Amino acid sequence: DRGASSWPVTAEVELYEALPGAQLGHLAAEPGEGEAAAAATELQPLTPEIAGLLLREPGLGRDGAGRRHHHGQHYIRPWAGRRYFRVRPHVGGGPAAAPGRKPRRRISVGLSLTGAAPALRVRIRLTERQGHELLNRLDPAARQKAPDAAGALADLTGRLRTVLPPALVRRLVKAGVAADPAAAGPIADRVLAGILAAVSEFLGQRAHLLTAAVRDPAPGVTLTVTFAGITKQSLSTELPAGQVSVVPGWGRHG
């Protein structure tokens, strides 16, 4: 998922324990638009079995009894004392890189209101694992039964509802479309609804483009939703229809 092409790979294992009232976004908080929410999806429960295999210290793990669910994702609101781990490989340009290398942003929001081609572009980068999860739902050969387009849409839109709103709010405020996050919230909701509608139409009519991108050797895929010809007024009133494109890999932007 981070671009490792050979082994061994140097990595750090981060361990977390939740305090009362904690959410995974608190544990995974890091700078960048939507990065905390995206990083939260990388946290996994540290059970005694995993602690034994990963750290040779099973006593560091906690039993997974009482597992909780929220919108199809587990442990969004962990209980006090629950423990988690995240593996952060040091990759980039080779099998290992210097510690502390910042990973690419999973979500990037580009907004231009001037020039000959004003547009709002939202890039959504899916890891190789996330791409293959969608492939397993969409590809009849992988499933050995009918494609589950509804399940793929639920997986993808559920992730977008988590990671996109904070990224959109920050970009709208930075671009001067809204004075503050409170004013940007309704606009971000409108943009999110437009993105979800565009992604839904894309999966319904051109899912084969996504499955082809996932099969490409490049690690991960990038979905780009473009709202062309937007203005400050249209962002606050009625957006044009979003156009979705997909390419293999994570690209050079953002």
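**View 1. Pairing of β2 with β5 in the predicted model.** Strand β2 is joined by 2 bridges to β5 (residues 83-89), and the two run antiparallel; strands pair here if DSSP finds at least two bridges between them, and both helices (H or I, at least four residues) and strands (E, at least two) are DSSP runs numbered from the N terminus. Opposite Q44 stands F85 of β5. This is a predicted model, in which local features need pLDDT of at least 70 and side-chain atom pairs count only at pLDDT 80 or more, while totals for chains, interfaces and linings use all residues. Residues are numbered from 1 along each chain as its sequence is written, and side-chain values use heavy atoms, with hydrogens and water left out.

**View 2. The open sheet β1-β5-β2 and helix α3.** The 3 strands of this open sheet follow the order β1-β5-β2 with antiparallel pairing, and its edge strands, β1 (11-17) and β2 (44-45), each pair on one side only. Helix α3 (residues 48-55) packs on the sheet and touches β1, β2 and β5, where contact means heavy atoms within 4.5 Å. The direction of α3 makes about 150 degrees with that of β1; axes are lines fitted to C-alpha atoms, for helices over the stretch in contact, and angles run from 0 to 180 degrees between N-to-C directions.

**View 3. A nonpolar surface patch that includes L15.** V13, L15, L54, L60 and V87 together form a nonpolar patch on the surface with about 350 Å² of accessible area, computed by the Shrake-Rupley method with a 1.4 Å probe, only the protein chains shown counting as cover for residues. Patch residues have over 30% relative accessible area and no salt bridge (a side-chain nitrogen of Lys or Arg within 4 Å of a carboxyl oxygen of Asp or Glu), and nonpolar side chains (Val, Leu, Ile, Met, Phe, Trp, Tyr) are joined within 5 Å, like charges within 9 Å. L15 lies in strand β1 and, at 41% relative accessibility, counts as partly exposed, the class between buried (under 20%) and exposed (over 50%).

**View 4. The open sheet β6-β7-β8-β9.** Here 4 strands are arranged in the order β6-β7-β8-β9 with antiparallel pairing; β6 (107-112) and β9 (243-248) are the edge strands, each pairing on one side only, and the twist averages 15 degrees from one strand to the next.

**View 5. Strand β8 and its partners.** Strand β7 (residues 119-126) pairs with β8 in the antiparallel sense over 8 bridges, with A119 opposite A228. On β9, which 6 bridges join to β8 (residues 221-228), P248 stands opposite V221 and V244 is the bridge partner of V225. Because 7 of its 8 residues are buried, β8 is largely enclosed by the rest of the structure.

Methods:
Buried < 20%, exposed > 50% of the residue type's maximum accessible area, 1.4 Å probe, protein only.
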